[in-house]
Amino acid sequence: MTTNTPSVQLIYAGGTFGSHGAPLSPLPADVFLPILGTQLATHGYTVEILPNEIIKDSSTLTAMDFVAFYQQILHAYQLGKRQFVLITGTDSLSFLAAFLANALQDLTDISLVITGSMQPLFIPDAVEHQINPHSDAWANLSGALDIAIAHTGVFVQFYHQTFDAKNTQKINSQIHDAFVGTPATLGGIKPSTDSQRIADKLLKLPQLVNKASHTRIQAIYALPNDADQLAYDLSHLHMDTKVVILIGYGSGNLPSTPAIKTALDQLHDQKITVICTTMCAFGGVSSTYAAGAWQYTHGVIAGDELSIAAIYGQALWLSLNDQLTASNWVADQ
C-alpha cells in the first residue's frame, strides 16, 4: 500500500471493532478514531473520517439508523466522494449491508465496503489502548480499504473473503470466520452514474426518513407447537407491520391448516407481504415438498436462497419505496 491512493471515507459506527473494557462496549469516537487514524497512516492509507453520531452496539440498530447511514453516504456522494468503508458490529452487519446494497445498487460508480470484527482492535483489558495481536480487526479493515480503492460495488469484507453485500449471514458467534454469503464479483472501477439519479434519490430522502419511523418487519419462527399458534401469530401482528418473514423448516415447510390459510389470505388482502424462508443456513426454499408448496397459492413470496438478513434488507428498501410486490421481488434478485 502506498500513500498515492484515493481518499476513502470511513464511517465508524461502533461494534466489537472499536470496543474496550469488560464487558466490551464501543469506545467514543473522539477516543478511538485518532488512534485508528494513526494506525491507518502508518500503513499508508489515505482516509477521511465522516462525522457520525450513530455509534452503538449493532444489536440496537433500527431501520431509522439504516436510513441515516444511507443519507450520510448520499450526501458525501453528492460532494464527489465515491469510496466508503463502514465499520459496524457483526450482530446486524448483514442486515445493514443488504439494505445499503439494495439502496445504492443504481449508483454504478460507488464503492462501499461494510466490515467489522469478532475481536476488538485493542486488547480489551489493557489500561492503555494497545493493538490486539490476536484480533481480526486490522485484517478486515485493511482488506475492506483495498477493495474500496480498487472496485466499485457494495461488499462485505470479512476474514479474507469478499461477499456480495446483498446476501450474507453471520453463522458463528465466536470464530473469526463468522460469515457466509454469495461471493462478490469484482470488476474494477465502473463509469460514473447519471447525475439525475443522485438528484432523484436525494429528493426521496425525506419520505424514506418518515416511513422508516413507522415501518415494521416482523419475523415469525416455525416451532413444533400446535398449528393454531402459527395461525394466531399471523393474525395478531403489530399495526405498523408491512412485511412478515416466515421462517420455516427445511426448504420452507410449514404446517397447513384452514386457519393458517385464512390468515395468509387476509394478510394478502391487507397488502401485508409475507416472505417465506428457511431456518437452515444453506439451500434456501423450494416448492419440492407439498408441505411447503401450498403457501405460495396464498400470496406468500418465496425467499429463494437469500439469507434472513438479505430478505430483511431488500424488503425494507422496497417497502420504504412502496415497491414491495411479488414481481419486484423476483426482478430484484
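## A walk through the model

Start by selecting Tyr159, found in the loop between strand E7 (153-158) and E8. Strand and helix labels here follow DSSP runs, numbered from the N terminus (helices are H or I with at least four residues, strands are E with at least two). Before going on, note that this is a predicted model, in which local features need pLDDT of at least 70 and side-chain atom pairs count only at pLDDT 80 or more, while totals for chains, interfaces and linings use all residues. Residues are numbered from 1 along each chain as its sequence is written, and side-chain values use heavy atoms, with hydrogens and water left out.

Back to the loop. The phi angle of Tyr159 is near 50°, a positive value in a residue other than glycine. Tyr159 counts as partly exposed because its relative accessibility is 33%. The cut-offs are these: buried is under 20% relative accessible area, exposed is over 50%, and partly exposed is in between (1.4 Å probe, protein chains only).

Now click on His160, which also has its place in the loop between E7 and E8. Its phi is near 65°, again positive in a residue other than glycine. With 64% relative accessibility, His160 counts as exposed.

**Next stop: Ile171**

Select Ile171, in the loop between strand E8 (161-170) and strand E9 (179-183). At 44% relative accessibility, Ile171 is partly exposed. Which residues does Ile171 contact, leaving aside its neighbours within four places in sequence? Show Ala178, Val180, Ala281 and Phe282; contact here means heavy atoms within 4.5 Å. Draw a distance from Ile171 to Ala281: the C-alpha atoms are 7.6 Å apart, although 110 residues separate the two in sequence.

**Over to a surface patch**

Select Met279, in the loop between strand E12 (273-278) and helix H8 (290-293). Met279 is partly exposed, with a relative accessibility of 33%. Add Tyr221 and Leu223, and you have a nonpolar patch on the surface with about 290 Å² of accessible area together. Patches are made of residues with over 30% relative accessible area and no salt bridge; like charges are joined within 9 Å, and nonpolar side chains (Val, Leu, Ile, Met, Phe, Trp, Tyr) within 5 Å. The areas come from the Shrake-Rupley method with a 1.4 Å probe, and for residues only the protein chains shown count as cover.

**Strands side by side**

Highlight strand E10 (residues 216-221) and strand E11 (residues 241-248), which pair in the parallel sense over six bridges. Two strands pair if DSSP finds at least two bridges between them. Look for Ile217, standing opposite Val243 in E11. Trace the chain from E10 through helix H6 (residues 227-235) to E11, and you follow a right-handed β-α-β crossover. Right-handed means that, with the strands pointing away from the viewer, the path from the first strand over the helix to the second runs clockwise.

Then jump to strand E1 (residues 8-12). Is E1 buried or exposed? Five of its five residues are buried, so E1 is largely enclosed by the rest of the structure. Colour Val8, Leu10 and Tyr12 for one face, and Gln9 and Ile11 for the other. E1 runs parallel to strand E4 (residues 47-49), joined by three bridges, and parallel to strand E5 (residues 83-87), joined by four bridges. Zoom in on Gln9: Glu48 in E4 stands opposite, and so does Phe84 in E5.

**Charged pairs**

How many salt bridges does the structure hold? There are six, each being a side-chain nitrogen of Lys or Arg within 4 Å of a carboxyl oxygen of Asp or Glu. Try Lys56 and Asp65, whose side chains meet at 2.9 Å, N to O. Lys56 is partly exposed at 27% relative accessibility, whereas Asp65 is buried at 10%.

Next, show Asp91 and Lys170, a salt bridge at 3.2 Å, N to O. This pair links distant parts of the chain, 79 residues apart: Asp91 is in the loop between E5 and helix H3 (93-103), and Lys170 is in strand E8.

Now find Asp322 and Lys211, a salt bridge with the closest N and O atoms 2.2 Å apart. Asp322 lies in the loop between helix H9 (308-320) and helix H10 (326-331) and Lys211 in helix H5 (residues 195-212), so the pair ties together parts 111 residues apart in sequence. Asp322 is exposed at 57% relative accessibility, while Lys211 is buried at 17%.

**Last stop: a cis bond**

Finish at Pro23, in the loop between strand E2 (19-20) and strand E3 (25-26). A cis peptide bond joins Ala22 to Pro23, with omega about 0°.
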